[in-house]
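Biologist: I should like to go through this structure with you, one question at a time. Please explain the reasoning behind each reply.

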Amino acid sequence: MTELFAYTDGACSGNPGPGGWGALMQAKRAGEVIKERALQGGEPETTNNRMELMAAISALEALERASRITIVTDSAYVKNGVTSWIHGWKRNGWKTSNKKPVKNVELWQRLDDAQARHDVTWEWVKGHAGHPENERADELARAGMAPFKG
């Protein structure tokens, strides 16, 4: 059976500042990579959290059909947001428990829509800790940011 994985990361030079996102998409069979695709992009003025969200969104939106996928992120913000906080935000009309508007609401809504088509498992890994695929996603994010750095 083929398993799909997306290793995602965001980067920012300054916060806010120029930023980039990267997603390393892999199809694996019996633990061996059988297909791989790298995605990256960036923006001239953004935040690290926005780039972390864009990496996950882009990975999900790149899938052409409904899929079972594991998204591996080093962002506790993304993982906690999409697996826990988002349910309350939606119940509260996209407001936090303090009744304040959710930051990056348009990206959270886009992520919510993107994941609704798929069976997604979310995993967190410690960033910059030698995880090979996470390091590659970080390289993609920094490459995505490069055109916007002065």
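Biologist: How many salt bridges does a search of the whole structure find?

Modeller: The model is a predicted one. In general, side chains of opposite charge can pair when their charged atoms come close. A salt bridge is counted when a side-chain nitrogen of Lys or Arg lies within 4 Å of a carboxyl oxygen of Asp or Glu. Searching the whole structure in this way gives a total of six.

Biologist: Which residue forms a salt bridge with Arg136?

Modeller: Arg136 belongs to helix 4 (residues 132-145), and its partner belongs to strand 3 (residues 32-46), 100 residues apart, so the pair links distant parts of the chain. The closest N and O atoms are 2.5 Å apart. Arg136 is partly exposed, at a relative accessible area of 35%, and the partner is also partly exposed, at 38%. That partner is Glu36.

Biologist: In the salt bridge between Lys90 and Asp112, which residue is buried?

Modeller: The closest N and O atoms of this pair are 2.9 Å apart. Lys90 lies in helix 2 (residues 76-91) and Asp112 in helix 3 (residues 105-116), so the bridge ties together parts 22 residues apart in sequence. Lys90 has a relative accessibility of 41% and therefore counts as partly exposed. A value under 20% is needed for a buried residue, and the residue with 14% is Asp112.

Biologist: About how many helical turns separate Arg142 and Asp138?

Modeller: These two residues form a salt bridge, with their closest N and O atoms 2.9 Å apart. An α-helix has 3.6 residues a turn, so residues three or four places apart point the same way. Arg142 and Asp138 are four residues apart in helix 4, and the separation is therefore about one helical turn.

Biologist: Is Asp138 buried or exposed?

Modeller: Its salt-bridge partner, Arg142, is partly exposed, with a relative accessibility of 44%. For Asp138 the relative accessible area is 7%. The cut-off for burial is under 20%, so Asp138 is buried.

Biologist: What distance separates the end C-alpha atoms of helix 1?

Modeller: Helix 1 covers residues 48-62, which gives 15 residues. The expected span is 1.5 Å times one less than the number of residues. The expected value is therefore 21 Å, and the distance in the model agrees with it at 21 Å.

Biologist: Which residues does Ala62 touch, not counting residues up to four places away in sequence?

Modeller: Ala62 is found in helix 1. Ala62 and Ala114 are 52 residues apart in sequence, and their C-alpha atoms are 9.6 Å apart in space. A contact requires heavy atoms within 4.5 Å. With residues up to four places away left out, Ala62 touches Arg37 and Leu39.

Biologist: Which strand supplies the largest share of the lining of the largest pocket?

Modeller: This pocket holds about 410 Å³ of space, and 15 residues line it, with Leu4, Met25, Lys35, Arg37 and Leu63 nearest its centre. The lining divides into eight nonpolar, two polar and five charged residues. Strand 1, strand 2 and strand 3 each supply at least two of the lining residues. The largest share, four residues, comes from strand 3.

Biologist: Which residue is joined to Pro16 by a cis peptide bond?

Modeller: Pro16 lies in the loop between strand 1 and strand 2. The omega angle of the bond is about 20°. The residue joined to Pro16 by this cis bond is Asn15.

How values were computed: Residues are numbered from 1 along each chain as its sequence is written. This is a predicted model: local features need pLDDT of at least 70, side-chain atom pairs count only at pLDDT 80 or more; totals for chains, interfaces and linings use all residues. Side-chain values use heavy atoms; hydrogens and water are left out. Buried means under 20% relative accessible area, exposed over 50%, partly exposed in between (1.4 Å probe, protein chains only). On a 1 Å grid over the protein atoms alone, a cavity is a set of points where a 1.4 Å probe fits but cannot get out, and a pocket is an open set with protein on both sides within 12 Å along at least five of seven lines; lining residues have an atom within 4 Å of a point. Grid points are joined across faces, edges and corners, and a volume is the space filled by probe spheres set on the points. Ala, Val, Leu, Ile, Met, Phe, Trp, Tyr, Cys and Pro count as nonpolar, Asp, Glu, Lys and Arg as charged, and the others, Gly among them, as polar.
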